[in-house]
Every structure is written in structure tokens, then in C-alpha cells.
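The exercises below are to be worked through with the sequence and the three-dimensional model at hand. Each task is followed by a solution in steps.

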Amino acid sequence: MTNFPLKIEDYSPVLQYSTQWRTGGSAGNGDAELINSFTLTNTQGSYMSFVYYGLGIQIYGAKRSNHGNYRVVVDNGTYSYDGTGFSSNDTFQQSLFNYSTPTENWHNVTITNEENNKYLDIDFITLQSTIGNENENLSTTNFDDGHPAFTYFPPSSWTTNPPNQSDYFEASGQYVKTAYRFRPLVGDAVTLYGPIHPDGASYFAVLDGGASFQSYTTDKTTPQSKVLMYQAFHLGPGQHNLTISYAPSPFDASQNQPFLAIDYATVYTTASGGGGGVYVLHLPCSHLRTEINPSLTGPAAPD
């Protein structure tokens, strides 16, 4: 198998936090960017959970004098680990948890703060997975939102002028404020990227008609661009359905309506996985659909 590591920042929607967490970090380019960001809590019982398919996972955060004990549970108690974030000397990007298995499978991981008024923070997570067969070449192609692979229907529901557009991949993006769907079918693996924002919307991700169902939100305190919105690995040969659905929710009419934006997708393929590119099918007005086509490889996203 070809090794496939992935780094997931603390603010990615795929990491799901309970209440009583907040964003921390040093300011970068104004308030719209955080450098060395982290998400922290000092409330006992607050947790972060993550569902993944892979071989291993590592959780990184700080160890400081005002940090306390935490507990990590894997697969609903199949494995657990008790750790401490306390250190008399402040250290950062430290490994808080490391877990691996000999074979890939679905796993869920939850890390919980065990002490009140003591901090736990999450800096980033690294995930290990594999694609294809051993020593195979891995092909990586970025498809920008404006690539011919993507068709947005109905056009009136999408706009190509999202907030902070210059921060997007190729300085372009598509966003929607109504309940329409973007639906790619992928090969070996796919990652989907977009922005998070205080006006971000919730969305659903359904893989293969319900084999894997997750709900996420792009509603975050601090805007960030090119953020991992969804990841799926080791899908095997052939076509797979991934549906990303805008999830409308009540909002204050005096405030901005939540929006969901798509920036770009990265498709990973190997020879054993069928290779392939992306093409688009038109569906009724509530769907957008993209499929892998072994005969269309296509260039990376154009300008």
C-alpha cells in the first residue's frame, strides 16, 4: 500500500467539539487569519471527537502549567488512555495521543478534558492511511471550483463571488445560501476544501448512500480559507457516491444568512484503484453530481 498521511488543523469541521471550547492563537494578517491556532477548553467534560478510516492517528497540543488531565477513548471504550497536559515548562505541538492498528478500519476517537479550570487544547491531528498497492505511484489532482469538472445547477442558487475570495485556491470559489447539493463520485480517495466563517452553514456528508453519514458545520469564530471539509480514504476501485448537502437552519433576519462555500477538491488515484478524472452529470435542481471517469484524466485546476 502507498502511505497517505494527512494533517488536520484544529479548526477543520471534521473535528467535532462539544460546547465550552474556544479558538486561540497568535494573530496573523489581521483578525482574518490565525498563525499557530489551537482550540481550547478549561471545562471538565468538554470533548472533541473524530471519525476516521485509517491505520493511525496522533493528536497534538500544548503542555503547560495551567493544563490538566485528559482521557482518550477509542471505538467506544475498546481502548482508552489517560494523559496529562501539565508541564512546568510551556511546550507546544506536543503529542498528546498516539494510536495505531495493524490493519485499516473505521474508528472513532474522543478526547475529554478531565479537570475543571484546567486547560486542554488541540493544535492539530495527523492521520495515517494507505491508498492502492505497495510502491504504486500516487496521482494527486486538484480540481478548482471553476474547473469544467464542476457544474453548478441551478446557476441562480450559486455565486462565484464568495467572501474573502482572494484567499481561495486560484482566488475563486462557489457558495450557496439555499438547500442545494454538490455531489462528487470519487476514486481511491478524495479531500474537499472550503472556508470556515462566522456566517458559515451546517452541511451533511453522506458516503455511498449512507454507509458513512456525518454532519458538520463551517460556522466558526475566525475566518479561515482552504480548510478540510471532508476526507474519505481507501474507497477501493470503482465509483463511490459522496453527497455534500447544505443544511439550512433558522437564523436572525437582522444578521447575515449562513452560507456554504466550495473551494476545491483533491482526487487521489492509483493504477490499482482505477485511475481516472472527473466529469459531471446534471441532476434535478436539488443536486449537483460529479463522477470519476477512467478515460478523463484532465489537468489540474486551471486559472
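A strand is here a DSSP run of E of at least two residues, and strands are numbered from the N terminus. The model is a predicted one.

**Exercise 1. Secondary structure and burial**

Task: State how many helices and strands the chain has, and what share of its residues is buried.

Solution.
Step 1. The assignment gives 0 helices and 23 strands.
Step 2. A residue counts as buried under 20% relative accessible area. Of the 303 residues in the chain, 51% are buried.
Step 3. Contacts in the chain between residues at least 6 apart in sequence are then sorted by separation: 76% of them join residues at least 24 apart.

**Exercise 2. The largest pocket**

Task: Describe the largest pocket by its volume, its lining and the classes of its lining residues.

Solution.
Step 1. The space in the largest pocket amounts to about 370 Å³.
Step 2. Its lining consists of 20 residues, and those nearest the centre are Y17, T23, D219, K220 and T221.
Step 3. At least two lining residues come from each of the strands β2 (16-17), β3 (22-28), β4 (30-41) and β17 (212-217).
Step 4. Sorted by class, the lining holds 8 nonpolar, 8 polar and 4 charged residues.

**Exercise 3. Aromatic pairs**

Task: Give the number of aromatic pairs, and classify the pairs Y60 with F124 and Y193 with Y264 by ring geometry.

Solution.
Step 1. Two rings pair if their centres lie within 6.5 Å, and planes under 30 degrees apart count as stacked. The count comes to 12 aromatic pairs.
Step 2. For Y60 and F124, the ring centres are 4.6 Å apart and the planes meet at 20°, so this pair is stacked.
Step 3. Y60 belongs to strand β5 (residues 47-63) and F124 to strand β10 (residues 124-131), so the pair ties together parts 64 residues apart in sequence.
Step 4. Y193 and Y264 are likewise stacked, with 4.7 Å from centre to centre and 10° between the planes.
Step 5. This second pair links distant parts of the chain, since Y193 is in strand β15 (residues 189-196) and Y264 is in strand β21 (residues 264-269), 71 residues apart. Both Y193 and Y264 are buried.
Step 6. Ring pairs also join Y70, Y79, Y81, F97 and Y99 into a cluster.

**Exercise 4. The surroundings of F124 and Q58**

Task: Decide whether F124 and Q58 are buried or exposed, and identify what lies around them.

Solution.
Step 1. F124 has a relative accessible area of 10%, so it is buried.
Step 2. The charged end of K7 sits over the ring of F124, at 4.4 Å from the ring centre.
Step 3. Q58, in strand β5, also has a relative accessible area of 10% and is therefore buried.
Step 4. Leaving aside residues up to four places away in sequence, Q58 touches F97, N98, Y99, F124, I125, T126 and Q128.
Step 5. K7 can also be placed relative to Q58: the two are 51 residues apart in sequence, with their C-alpha atoms 9.6 Å apart.

**Exercise 5. Positive phi outside glycine**

Task: Compare D75 and N117 in backbone angle, location and accessibility.

Solution.
Step 1. D75 is not a glycine, yet its phi is positive, near 50°. N117, also a residue other than glycine, has a positive phi of about 65°.
Step 2. D75 lies in the loop between β6 (69-74) and β7 (79-84), whereas N117 lies in the loop between β8 (91-113) and β9 (120-122).
Step 3. D75 has 18% relative accessibility, so it counts as buried. N117 has 59%, so it counts as exposed.

**Exercise 6. Partners distant in sequence**

Task: For S49 and T217, find the strand that holds each residue and the residues that each touches.

Solution.
Step 1. S49 is in strand β5, and T217 is in strand β17.
Step 2. With residues up to four places away in sequence excluded, S49 touches V14, L15, Q16, V109 and T110. The C-alpha atoms of S49 and N108 are 7.1 Å apart, although 59 residues separate the two along the chain.
Step 3. With the same exclusion, T217 touches P13, A201, S202 and Y203. From T217 to V14 the C-alpha distance is 8.5 Å, and the sequence separation is 203 residues.
Step 4. T217 has 27% relative accessibility and therefore counts as partly exposed.

Key: Residues are numbered from 1 along each chain as its sequence is written. This is a predicted model: local features need pLDDT of at least 70, side-chain atom pairs count only at pLDDT 80 or more; totals for chains, interfaces and linings use all residues. Side-chain values use heavy atoms; hydrogens and water are left out. On a 1 Å grid over the protein atoms alone, a cavity is a set of points where a 1.4 Å probe fits but cannot get out, and a pocket is an open set with protein on both sides within 12 Å along at least five of seven lines; lining residues have an atom within 4 Å of a point. Grid points are joined across faces, edges and corners, and a volume is the space filled by probe spheres set on the points. Helices (H or I, at least four residues) and strands (E, at least two) are DSSP runs, numbered from the N terminus. Ala, Val, Leu, Ile, Met, Phe, Trp, Tyr, Cys and Pro count as nonpolar, Asp, Glu, Lys and Arg as charged, and the others, Gly among them, as polar. Rings of Phe, Tyr and Trp (its six-membered ring) pair if their centres lie within 6.5 Å; planes under 30 degrees apart count as stacked, over 60 as edge-to-face and the rest as tilted. Buried means under 20% relative accessible area, exposed over 50%, partly exposed in between (1.4 Å probe, protein chains only). A charge sits over a ring if NZ of Lys or CZ of Arg is within 6 Å of the ring centre and within 35 degrees of the ring normal. Contact means heavy atoms within 4.5 Å.
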